[in-house]
Amino acid sequence: MSSLLEPIAIGGMLALRNRVVMGALTRNRCVDDMKPGQAQIDHYSQRAKDGTGLIISEGVFIDWTGSHWTNAPVMISEDHCKAWQKVVDGVHQAGGKMFFQPWHAGRCQNDLMPALKERDLPVLAASPLQASGGKYRDLPGVPGHTANLKEIENPSEIVNMFRRAVALAKRAGFDGIELLAQGGYLVQQFLVPEANTRTDDYGGPVENRCRFLLEVVDAIGDVWGGYELICVKINPTDVLHGTVMTFADLKETYDYLIKELVARKVGIVNISRRGTDLTVGDGSFTQSFPRPDGYSLPLGYDPVLDFGPLVKYPGSPSLLMANHEYTVEEADRLVKEGKLDLITFGRPFIWNPDLVTRIKYGIPLAQNDRGDTVLYGPYTSPEQGYNDWPTVAA
Ligand SMILES: Cc1cc2nc3c(=O)[nH]c(=O)nc-3n(C[C@H](O)[C@H](O)[C@H](O)COP(=O)(O)O)c2cc1C
């Protein structure tokens, strides 16, 4: 039997039937006022029915200031909470568990996008430094991320937005939280010297750059009554949207950060290896190299194996999860060798609604034969490229 199918408990309290985790996947299909509807209920519960150990929700915006993506969900009001409750109920009825992923895009936005423009909201950032990249197909001229940025004056106001969102998520019945601290979004913007030139307690030395993330984790811990059901998703080797760090910086930053997270006894640390030369990229957003001059990594560098032992050691309170272009075979081997506890699969879950069944019976995973539009759209109905993937049994 694949070691991925062995049960495990998060924080010693949340039993999972196996170690296969569906990663957060923004799919832009929340067409009902940025709320999930029947399409999302069907999508997530189909994957829970197949036996997925843990499902992470797509990134969900915690405030209108961080929310520019059309048809991506928000968690701001009671109405949003009720809509998500139906999704979580569907997953629970199928025997699954589900974490909520709070998200604030920070400087990776464009103030001309309707979600911000109609509300006359600024684009908030750790520092007013434009992010590289960004493609706004709905805007004339297809601009990148905006240069029109407002530095966050009081980070605790944003921490309170996280607090509000995770309190709503708790009421919706989610089993825990995965904090998105990679991909170039707000939480990571505080970590990275390229995006954070603040001179207050939130910028400069590593302890200051990690402060915002740790305050968010503490706020979640407060709402949740402990850290056991918190996962933090990080990517030390990230390059997306101006997040690249020198090897010396990333070693110092993530060494400190991971030790702080484990000292708090967070349930899971999820480490991505995007941005290394271990992964090949697929020509889309995952294309992760070459790294810019001055930012190279040691040949074959793997952040999961490097930082993993800070999380996974005898008696550790935290579990180690990894993501980015793992095959079932590699993940299985790493769990067998005691180097990983859990594995996130992202893209494979899009076109394999029966991924766990395939692992169970050794059936090769299906590949995407429909092109990149299945990821984020466009689509004519939200079901398209979302709830229309065949299973082996079908
Ligand atoms: C379409 C798409 C949307 C994604 N959305 C999110 C997201 O909302 N939050 C997040 O943390 N990661 C997001 N990711 C990253 C995945 O969760 C996962 O970490 C990544 O795809 C690597 O895993 P994989 O190689 O198995 O696909 C997204 C990836 C894709 C392809």
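**Ligand first.** I went to the ligand and looked up its surroundings: 20 residues sit around it, and Gly 23, Ala 24, Gly 59, Gly 346 and Arg 347 come nearest. Note to self: this is a predicted model.

Which elements supply the shell? I found that β4 (54-61), β12, α11 (347-351) and α13 (373-376) each give at least two residues to the shell around the ligand. I also sorted the shell residues by type, and they split into 7 nonpolar, 9 polar and 4 charged.

**The barrel.** Next I traced the strands. I counted 8 of them closing into a barrel, and going round I wrote down β3-β4-β5-β8-β9-β10-β11-β12, with parallel pairing. From one strand to the next, the twist averages 25°. A reminder I jotted in the margin: strands of a sheet pair through backbone hydrogen bonds, either parallel or antiparallel.

Then I checked how β3 and β12 meet. Strand β3 (residues 20-22) pairs with strand β12 (residues 342-345) over 3 bridges, in the parallel sense. For a spot to click on, I picked Val 20, which stands opposite Ile 343 in β12.

**Helices α8 and α9.** At what angle do these two pack? I got about 30° between helix α8 (residues 247-263) and helix α9 (residues 303-311), and their axes are 9 Å apart. Angles under 35 degrees count as roughly parallel, so I put α8 down as roughly parallel to α9. I noted their crossing as right-handed.

I wanted the residues behind that contact too. On the α8 side I have Tyr 254, Ile 258, Lys 259 and Val 262, and they meet Phe 307, Leu 310 and Val 311 in α9. By type, the residues of this contact come to 6 nonpolar, no polar and 1 charged.

I followed α9 a bit further, over to the strands. Helix α9 lies across β10 (268-272) and β11 (319-323), and it runs at about 170° to β10.

**Backbone oddities.** Last, I went through the backbone angles. Most residues other than glycine have a negative phi, and most peptide bonds are trans. I have one entry against each habit.

Where is Asn 28? I found Asn 28 in the loop between β3 and α1 (38-49). Asn 28 is not a glycine, yet its phi is positive, about 55°.

The other entry is the bond joining Gly 377 and Pro 378: I logged this peptide as cis, with omega about 5°. I placed Pro 378 in the segment after α13, and α13 is one of the elements I had listed for the shell around the ligand.

How values were computed. Residues numbered from 1 in each chain as written. Predicted model: local features only at pLDDT ≥ 70, side-chain atom pairs only at ≥ 80, totals over all residues. Axes fitted to C-alpha atoms, helices over the stretch in contact; angles between N-to-C directions. Helix = DSSP H or I, 4+ residues; strand = E, 2+ residues; numbered from the N terminus. Parallel < 35°, antiparallel > 145°, perpendicular 65-115°, else oblique. Left-handed = near helix turned anticlockwise from the far one by under 90°. Contact = placed C-beta atoms within 7 Å. Nonpolar A, V, L, I, M, F, W, Y, C, P; charged D, E, K, R; others polar. Pairing = 2+ DSSP bridges. Near = placed C-beta within 6 Å.
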